[in-house]
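Colleague: I'm new to this structure and would love a close look at one part of it. Could you walk me through a pair of strands and what surrounds them?

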Amino acid sequence: MKSLIKIKYTAFLLILMLSLSCSRADEDDDVLSQEDISNIILNVKDDATGITTTYNYTVNSTTNPDIKLTDGKTYTVNAVFLNGNEDETESIIEAKDEHFLLFDFQNSNINLERIDGESSTNSDGIKIGLKTKWTVVKAKNGVNPQLVVTLVHDAVSVSAGQPGSEFGSVTGGETDAMATYSISN
């Protein structure tokens, strides 16, 4: 009888230890989930005038910010990721080998160059896209021009090339955050 109680007690402890070892508290601190990013902000600076305009996308919003761009102009753009009032951009930089930004300019003819510094360039030499330069050929190049920005986590491979309208491509990974902005003149 005592051995049966001992077996049940041992089984209970084993199950308890296994369930505690699988908690989310053990995940890496650098893993950002969609719920952890509430706002994606693009600070768009007109290189000719030096004037910066901020476009703030709120995750799950029913409206998209309208980025006003002028054909023929060049802009320097900084991306910022917030969780409420807390800036999560530094967490992305700290885990730069695990993050990558995709920029999909739909129905716009805009050239994008990644100009990240060393702090946001991964160990393979690929710039993750927190700082970019946009050269606008034609802001409105079709119906409903827009930009979709996607923050990808833990991709198997990344490329900064341009397949189609999207700057950057990934294999595998998860979407940490996605924002859609309208584009106008």
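Modeller: Happily! Strand S6 (residues 99–106) runs antiparallel to strand S9 (residues 146–153), and the two pair over 8 bridges. Two strands pair if DSSP finds at least two bridges between them; strands are DSSP runs of E with at least two residues, numbered from the N terminus. One of the bridges takes Leu 102 to its partner in S9, Thr 150. A word on the source: this is a predicted model, where local features need pLDDT of at least 70, side-chain atom pairs count only at pLDDT 80 or more, and totals for chains, interfaces and linings use all residues. Residues are numbered from 1 along each chain as its sequence is written, and side-chain values use heavy atoms, with hydrogens and water left out.

Now step back to the sheet: S6 and S9 belong to an open sheet of 5 strands with mixed pairing, in the order S3-S13-S9-S6-S11. Its edge strands, S3 (66–68) and S11 (166–167), each pair on one side only.

Next, the aromatic rings. The whole structure holds 3 aromatic pairs (ring centres of Phe, Tyr or the six-membered ring of Trp within 6.5 Å; planes under 30 degrees apart are stacked, over 60 edge-to-face, the rest tilted). Among them, Phe 105 and Phe 167 meet edge-to-face, at 6.0 Å centre to centre and 80° between the planes. This pair links distant parts of the chain, as Phe 105 sits in strand S6 and Phe 167 in strand S11, 62 residues apart. With Trp 134, these two Phe residues form one aromatic cluster. Phe 105 is buried, at 2% relative accessible area, and Phe 167 is buried too, at 6% (buried means under 20%, with a 1.4 Å probe and protein chains only).

Technical notes. Helices (H or I, at least four residues) and strands (E, at least two) are DSSP runs, numbered from the N terminus. Buried means under 20% relative accessible area, exposed over 50%, partly exposed in between (1.4 Å probe, protein chains only).
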